[in-house]
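Here are three short exercises to work through with the model open in your viewer. Try each task before you read its solution.

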Amino acid sequence: MKTMNALAVAAVAAMALSAGSAWARGDAAAGAKKAAEVCAACHGEAGAKPATPDYPILAGQPQDYLEHTLKAYKSGKRKNAIMAGMATPLSKQEIIDLAAYFSQQKGVQHKY
Ligand code: HEC
């Protein structure tokens, strides 16, 4: 019985640990690579200096917003011909990584 309890404690600890790492969502380094290859052409280096004012600043936008809106372009919920073409080929993981990367860049300042 004692062994069972120890196993249960270990299992709960392992779950807590993996939940802890899930909190820091996304691989910003992988996102940075993809961003430089694809997104920078319009949204500027690090998403901070778009090529024209029609292209939004991505740097510093909240991570969950970026993730949500990229999924919306991909699903067609948010309609924009350009971004549909950009978001459709992205995998779930690439979306999470890109959102992590852009949210960590200096750009839009939010005051809460
Ligand atoms: C050819 C130009 C172009 C490229 C390349 C491009 N975008 Fe965009 N992006 C746009 C335009 C234009 C909009 C505004 C669309 C709209 O009004 O919904 C936009 C909007 C967005 C938004 C919504 C921002 C907001 O404030 O709501 C996100 C997020 C985004 N792009 C991410 C990306 C990512 C990530 C990539 C690279 C995979 C990328 N874009 C590549 C042109 C581009």
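**Exercise 1: the ligand shell**

Of the 17 residues around the ligand in this predicted model, find those that come nearest, then describe the shell by element and by class.

Solution. Start with the nearest residues: these are Cys39, Cys42, Pro56, Asn80 and Met86. Next, look at which elements give two or more residues to the shell: H2, H3 and helix H4 (81-87) do. H2 provides the largest share, with 5 residues. Finally, sort the shell by class, which gives 13 nonpolar, 3 polar and 1 charged residues.

**Exercise 2: a helix pair**

Work out how the axes of H2 and helix H5 (residues 92-103) are arranged, and list the residues that meet.

Solution. Two packed helices are described by the angle and the distance between their axes. Here the axes of H2 and H5 come within 7 Å and cross at roughly 90°. Angles of 65 to 115 degrees count as roughly perpendicular, and H2 and H5 are therefore roughly perpendicular to each other. Now list both sides: from H2 come Ala28, Ala30, Gly31, Ala32, Lys34 and Ala35, which meet Glu94, Asp97, Leu98, Ala100, Tyr101 and Phe102 of H5. By class, the residues of this contact divide into 8 nonpolar, 1 polar and 3 charged.

**Exercise 3: a backbone angle**

Locate Ala46, give its phi, and decide: is Ala46 buried or exposed?

Solution. Ala46 sits in the loop between helix H2 (28-43) and helix H3 (63-75). Most residues other than glycine have a negative phi. Ala46 is not a glycine, yet its phi is positive, about 60°. For burial, count neighbours: 21 other C-beta atoms lie within 10 Å of Ala46. The cut-off for buried is 20 or more, so Ala46 is buried.

Notes. Residues numbered from 1 in each chain as written. Predicted model: local features only at pLDDT ≥ 70, side-chain atom pairs only at ≥ 80, totals over all residues. Helix = DSSP H or I, 4+ residues; strand = E, 2+ residues; numbered from the N terminus. Buried ≥ 20, exposed ≤ 12 C-beta atoms within 10 Å, placed from the backbone. Axes fitted to C-alpha atoms, helices over the stretch in contact; angles between N-to-C directions. Parallel < 35°, antiparallel > 145°, perpendicular 65-115°, else oblique. Contact = placed C-beta atoms within 7 Å. Nonpolar A, V, L, I, M, F, W, Y, C, P; charged D, E, K, R; others polar. Near = placed C-beta within 6 Å.
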